[in-house]
Amino acid sequence: AGLMVLWRLHGLDAVFREAWEAGVVLFGVSAGSLCWHAGGTTDSFGPELRPWNDGLGLIPGSNCPHYDSEERRRPLYQRLVAEGTLPPGYAADDDVGLHYVGTELHEAVSAREGASAWRVDTSGETKVETRLLAVP
């Protein structure tokens with residue numbers, strides 16, 4: 001969250017958008033992956049996880065890192081998407097990368113067998129979690 005403030009203060013948000021639109025590959029791990037999306041779950045404000053809706057929005061939708069390693073992330077993310085606090089999006093287990101081409105998820109790749117990416121959406125009032133196979 002603090003990094004986004006600094007990026008915007010110094011005009012880097014516009015620089016990153018211009019680079020992304022020109023085809024430059026942008027990446028980030030953990031909170032670094034949230035910045036490219038509209039938002040996600042974060043502990044940037046202290047030890048408690050909470051929603052954050054102030055990403056750059058290059059990738060529409062939300063993002064949740066550490067989906068398999070932090071026990072509170074998965075249920076919180078699902079609840080926040082189901083209640084509309086966060087837009088539908090993608091979650092990634094540790095060691096999983098989400099590869100987008102433009103604004104569309106192209107594939108999920110993994111450095112660890114059994115790790116996956118997940119599409120988290122809603123159908124009416126019901127949360128829908130779809131496992132995407134990660135390619136090692």
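Strands, such as β4 and β5 in the legends below, are DSSP runs of E of at least two residues, numbered from the N terminus. All views show a predicted model.

**View 1. The loop between β4 and β5, with D95 and its positive phi**.
D95 belongs to the loop that joins β4 to β5. Its phi is near 70°, a positive value in a residue other than glycine. Most residues other than glycine have a negative phi. With a relative accessible area of 45%, D95 is partly exposed, because this class covers the values between 20% and 50%.

**View 2. Surroundings of D93, a buried residue without a salt bridge**.
D93 also sits in the loop between β4 (89–92) and β5 (96–101). The nearest side chain of opposite charge is that of R112, 5.2 Å away. A salt bridge requires a distance within 4 Å, so the buried D93 has none. The side chain of D93 instead reaches the backbone nitrogen of S116 at 2.9 Å, and a polar contact of 3.2 Å links the side chain of D93 to that of W118. When neighbours within four places in sequence are left aside, the contacts of D93 are Y67, D68, R112, G114, A115, S116 and W118.

**View 3. H66 in the loop between β3 and α4**.
H66 lies in the loop that leads from β3 to α4 (73–82). Phi of H66 is near 60°, which is again a positive value in a residue other than glycine. The relative accessible area of H66 is 17%; H66 is therefore buried, the limit being under 20%.

**View 4. R73 of helix α4 and the residues that it touches**.
R73 is part of helix α4. Its relative accessibility is 3%, so R73 counts as buried. Not counting residues up to four places away in sequence, R73 touches T41, T42, D43, L49, C64, P65 and H66. H66, shown in the preceding view, is thus one of the residues in contact with R73.

**View 5. The largest pocket and its lining**.
The volume of the largest pocket is about 620 Å³. Its lining consists of 28 residues, and those nearest the pocket centre are L26, F27, G28, S33 and L98. Strand β5 provides six residues, the largest share of this lining. Both β3 (59–64) and β5 supply at least two lining residues each.

Note on methods
Residues numbered from 1 in each chain as written. Predicted model: local features only at pLDDT ≥ 70, side-chain atom pairs only at ≥ 80, totals over all residues. Heavy atoms only, no water. Helix = DSSP H or I, 4+ residues; strand = E, 2+ residues; numbered from the N terminus. Buried < 20%, exposed > 50% of the residue type's maximum accessible area, 1.4 Å probe, protein only. Lys, Arg positive; Asp, Glu negative; His and termini not counted. Polar contact = N/O pair within 3.5 Å; in protein donor to acceptor, adjacent residues only side chain to side chain. Contact = heavy atoms within 4.5 Å. 1 Å grid on protein atoms, 1.4 Å probe; cavity = no way out; pocket = protein on both sides within 12 Å on 5 of 7 lines; lining within 4 Å. Points joined across faces, edges and corners; volume = space filled by probe spheres on them.
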